[in-house]
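Please open the model in your viewer and keep the selection panel at hand. The stops below are arranged as a walk, each one giving a selection to make and then an account of what is found there.

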Amino acid sequence: MFARRTYQSESFSKHRAGKNTSKTKRSFREQAASSRRVERAAALDTSLPVGSNLTSPIITLCVGPEQRLFAAHEDVLASSPFFSAIIRGQFLESTSKRVNLPEEIPEVFSSVLEYLYKGDYYPRLLHNKRRNSWELEDTETNNGGRGAVESTVYHPGTQQALLKDTLLYCTADRYGLEELKRLALRKQGLQSGIQCSTILASSRYAYENTPDSDSKLRAHYLALIIRSRNTFKRSGTMQMEMERGGKMFFDLYVAM
């Protein structure tokens, strides 16, 4: 299980955050300059938020190979250049208002929708003004949380468990959601106790699904591996990954 940690840089934090019940914490959305109206998206098997006043048409989204159904308002989806192009183009049937996304992962896409409506995704990122640091909200149900959430998601394409925040970052890159990319990267920096194999698999995925111009997520992984190189040297997975090669290991060589 991953511990909650305070965030002070783009890389994994070194210090565990203690529980803090201070009211000085503010959400990432409250910190953002944008004041856009956002509400939570709903899957077809759940109801829309109470008091929702969004009036644009509802679009059905079929996600993943199992075609899990989600629903979202057209004007909310249109905040993403990716979906805006679909809505304006011929890929969206005007009668059914349906979009097929067979390559997406439902657990990841659900968090994207939550971000589009709320400006964050669970667990929320909170700013502790007293400590001047970032931390994830308490997920314990007895403290008002929705329960623990796994930091990894099984990716059928790689047949491995990958860090969810990395998957979100890459998805946000495809959807043109720059703020979500920054949020996902910051949240990933709060994770700890992650197995070397998961980090290496996620880093390879990041390299394969971001452009060469990406200077954030790739650098995050390079810094992590270099900082913990003694641990990775003892990892059999590291040796196998190096034998497979790839641009990541060239960048790692240059960075070291």
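Helices and strands are DSSP runs numbered from the N terminus, a helix having at least four residues and a strand at least two. With that in mind, note that the model is a predicted one, and that its protein chain comes to eleven helices and nine strands.

**The whole chain**

Begin with everything shown, and colour the 256 residues of the protein chain by burial, since buried residues make up 50% of them. If contacts are drawn as well, keeping those with a separation of 6 or more, 65% of them join residues that are 24 or more positions apart.

**Loop residues with positive phi**

Select Gln159 next, which is found in the loop between β8 and β9 (160-163). Its phi is near 55°, a positive value in a residue other than glycine. Gln159 counts as exposed because its relative accessible area is 61%, and exposed means over 50%.

Then move to Asn132, in the loop between β6 and β7. Asn132 is not a glycine either, yet it has a positive phi of about 55°. Is Asn132 buried or exposed? With a relative accessible area of 56%, Asn132 is exposed.

**The nonpolar core, by way of Val112 and Leu180**

Select Leu61, Leu77, Phe83, Leu101, Phe109, Leu116 and Leu180, which are the residues with the most contacts inside the largest nonpolar core, a set of 58 residues. In soluble globular proteins, nonpolar side chains tend to be buried together.

From that selection, keep Leu180 and display what surrounds it: leaving aside residues up to four places away in sequence, Leu180 touches Val112, Tyr115, Tyr121 and Ala172. Step across to Val112, which is placed in helix α4 and counts as buried because its relative accessibility is 1%. Which residues does Val112 touch, not counting those up to four places away in sequence? They are Leu168, Thr171, Tyr175, Leu177 and Leu180. For a distance to draw on screen, take the C-alpha atoms of Val112 and Tyr169, which are separated by 9.9 Å although the two residues are 57 residues apart along the chain.

**The cis peptide bond and Val149**

Now select Tyr122 and Pro123 together and look at the peptide bond between them, which is cis, with omega near -5°. Pro123 is in the loop between α4 and β6 (125-128).

Add Val149, in the loop between β7 (133-136) and β8, and the contact becomes visible: Val149 touches both Tyr122 and Pro123, again not counting residues up to four places away in sequence. From C-alpha to C-alpha, Val149 and Tyr122 are 8.2 Å apart in space, with their positions 27 residues apart in sequence. Val149 counts as partly exposed because its relative accessibility is 30%, a value in between the limits of 20% and 50%.

**The cavity**

Keep Tyr122, Pro123 and Val149 selected, as each of them lines the largest cavity, together with Tyr121, Leu136, Glu150, Ser151, Lys164, Asp165, Lys187 and Gln191. A search of the whole structure finds one cavity of 30 Å³ or more, and about 110 Å³ of space lies in the largest cavity. By class, its lining has five nonpolar, two polar and four charged residues.

**The largest pocket**

Clear the selection and choose Glu103, Glu104, Ile105, His155 and Pro156, which lie nearest the centre of the largest pocket, out of the 22 residues that line it. The elements that give two or more residues to this lining are α4 (106-118), β8 (152-155) and α5 (164-175). The volume of the pocket is about 380 Å³, and its lining residues divide into eleven nonpolar, five polar and six charged.

**Helix α7**

For the last stop, select residues 196-208, which form helix α7. Its 13 residues reach 18 Å from the first C-alpha to the last, close to the 18 Å expected at 1.5 Å a residue. The helix is mostly covered, with eleven of its 13 residues buried; among them are Cys196, Ile199, Leu200, Arg204 and Tyr207.

Technical notes:
Residues numbered from 1 in each chain as written. Predicted model: local features only at pLDDT ≥ 70, side-chain atom pairs only at ≥ 80, totals over all residues. Heavy atoms only, no water. Expected span 1.5 Å × (residues − 1). Buried < 20%, exposed > 50% of the residue type's maximum accessible area, 1.4 Å probe, protein only. 1 Å grid on protein atoms, 1.4 Å probe; cavity = no way out; pocket = protein on both sides within 12 Å on 5 of 7 lines; lining within 4 Å. Points joined across faces, edges and corners; volume = space filled by probe spheres on them. Nonpolar A, V, L, I, M, F, W, Y, C, P; charged D, E, K, R; others polar. Core = buried A, V, L, I, M, F, W, Y, C linked by side-chain atoms within 4.5 Å. Contact = heavy atoms within 4.5 Å.
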